[in-house]
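Let's take a walk through this one together, strands to begin with and helices after that. Keep the 3D view open as you read.

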Amino acid sequence: MDTRLAQRRIYIPLVLTLVFLALVVVVLVVAGRQVSSTIEDAFNAATEVRTARFLVARAISQQLDEETGVRGYAAVRRRVLLQPYYTARAALPASFTRLRPILTGLRMPGTLAVLNDAARTNRRWVADVAYPILTFKRVPAKIHLHGKRLVDRYRRDMEYVEDSLASRASQAQSRARRAIYGVSLFALGAVAAVVLAAALFTIQQYRLAARFERARVGAEEERRRAAEIRSAYEAEKRIADTLQGAFTQNLLPQMAKVRFSATYLPAAEQARIGGDWYDVLELSQDRVLLTIGDVTGHGIDAAVAMNRARHLLVSCALVDASPGAVLQRANCELFRNGSPLITAVAGIVDSRSCEFVYATAGHPPPVLLEPGSKPRMLDFGSLPLGVMKDSSYRTYRVQSVPGALLVLYTDGVVEHSHNVVEGEALLLQAIEAAASWPEHNAAAMISASIFSNRRIVDDVAILTVRFGDDAGSSVGWVA
């Protein structure tokens, strides 16, 4: 084994050196062909560019003949002065037609677009300026001014095409020079590489061993960091789950003629600890305050910001229960304290009149399903909380009927597949199905219908209000 290993250590450097020399020869041959091809391409491109520049100059001249003929006719009204106009008008489209395939062959799509704009501008000049001047004896000054703008635009376009062609010609020449210069340098480098091949291979084994050692140490460090990060995630989730469990409301008020249900589902991903919440606060015998929202971001900070926002909304409602005013006062306070972006809905439910008054702050719209109708999304709008200090929030008023089902939710309900349209359609179907079982927990049925075979990628909160007629409806569910 020792003899074979020694032979391999002798022959391998020689074999590698021969392979390296063969590669150098192949690369030199390929480079020579590349240089020849580059020079040929540069010559062909230069020929095409010269032809194109000639056509550009002729197109500019033809447009000038059009303009000169029309101006001369406008000044003295003699038809003989229109001869340059008609001649140029007949020849100009041919110039454009010849230019387009050349620019396409030169792979200049941007320049081709400018050329097409020049053609359209010329047609507009003929229709908007030349035709009125040739047709009517007196033409308003604004048509002449419009004609000047069109002519200036046409000339700018053609100047751009000319400059692009000149730049392309210069680039082709520079590319050919660089190719020749590069091959010369490569030839010198190849000679130097052959001389140094043996010395480089001698230290290759040492570098390879050192690289393996560094990779081993790096892998160990990565595993250690991954374990630390995972441990930090687990600790953060435990803390955030504890906070969120303490913050989440477990009891809903009981009121005559109104039935509440709510559910909260945490995200499946360990690193996606959200800041979703809902609150139901009884203001009087017939009126109740609803809030639901979502804090941008995840983790402990989101849970703490969620707690601060929900208590701030409740305290603002105790001062003035108008939903728009509640959101406006809360927004000012959150903006002043540098809060993260928060979406929310604040609303007042009147159980006696079946009226829902609400305002939204960048949050998904509430959904209302009334007997005999399809579920519909209510109006919504305004910026999220904490974005601008002076944001205003419109208060909407919806008059419903007994038996209606009102649903508020966070964006995790509709964004589980990153297709909001599909998510909203699934939500409306789930609400319609839940409404047919008035004696069940509507929020739990909606969440089960949507997520029975789907992964929860973001926290989900659902709050429902069912308007009823009897005292037996004063039941609240939390799932």
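**A strand with two partners**

Start with strand S3, residues 287-295, which is mostly covered: 8 of its 9 residues are buried. Keep in mind as you look around that this is a predicted model.

On one hand, S3 pairs with strand S2 (residues 275-282), running antiparallel to it over 8 bridges. The link between S2 and S3 is a hairpin of 4 residues. If you want a landmark for this pairing, find Trp 277, which sits opposite Gly 293 in S3.

S3 also pairs with strand S4 (residues 342-350), again in the antiparallel sense, this time over 9 bridges. Here the landmark is Asp 294, which faces Thr 343 in S4. One thing to remember while you trace the side chains: in a regular strand they alternate between the two faces of the sheet.

**Over to the helices**

Now swing round to helix H2 (residues 83-105). H2 packs against helix H3 (residues 109-135) at an angle of about 165 degrees, and their axes are 10 Å apart. An angle over 145 degrees counts as roughly antiparallel, so that is how H2 and H3 lie relative to each other. The crossing of H2 past H3 is left-handed.

What does the contact involve? From H2 come residues including Tyr 85, Tyr 86, Arg 89, Leu 92 and Phe 96, and from H3 residues including Leu 112, Leu 115, Asn 122, Trp 125 and Val 126.

**Rings that meet**

Some of those H2 residues turn up again when you look for aromatic pairs, of which the count comes to 4. One of them is Tyr 85 with Tyr 86, an edge-to-face pair at 5.1 Å centre to centre, with 70 degrees between the planes. Are these two tyrosines buried or exposed? Tyr 85 has 6% relative accessibility, so it counts as buried. Tyr 86, at 41%, counts as partly exposed.

Another edge-to-face pair is Phe 96 with Tyr 154, at 6.4 Å centre to centre and 80 degrees between the planes. This pair ties together distant parts of the chain: Phe 96 belongs to H2, Tyr 154 belongs to helix H4 (residues 141-202), and the two are 58 residues apart. Phe 96 counts as buried because its relative accessibility is 4%, and Tyr 154 is buried too, at 1%.

To finish the tour, look for Phe 356, Tyr 358 and Tyr 396, which together form one aromatic cluster.

How values were computed
Residues numbered from 1 in each chain as written. Heavy atoms only, no water. Buried < 20%, exposed > 50% of the residue type's maximum accessible area, 1.4 Å probe, protein only. Pairing = 2+ DSSP bridges. Phe/Tyr/Trp six-rings, centres within 6.5 Å; stacked < 30°, edge-to-face > 60°. Axes fitted to C-alpha atoms, helices over the stretch in contact; angles between N-to-C directions. Parallel < 35°, antiparallel > 145°, perpendicular 65-115°, else oblique. Left-handed = near helix turned anticlockwise from the far one by under 90°. Contact = heavy atoms within 4.5 Å.
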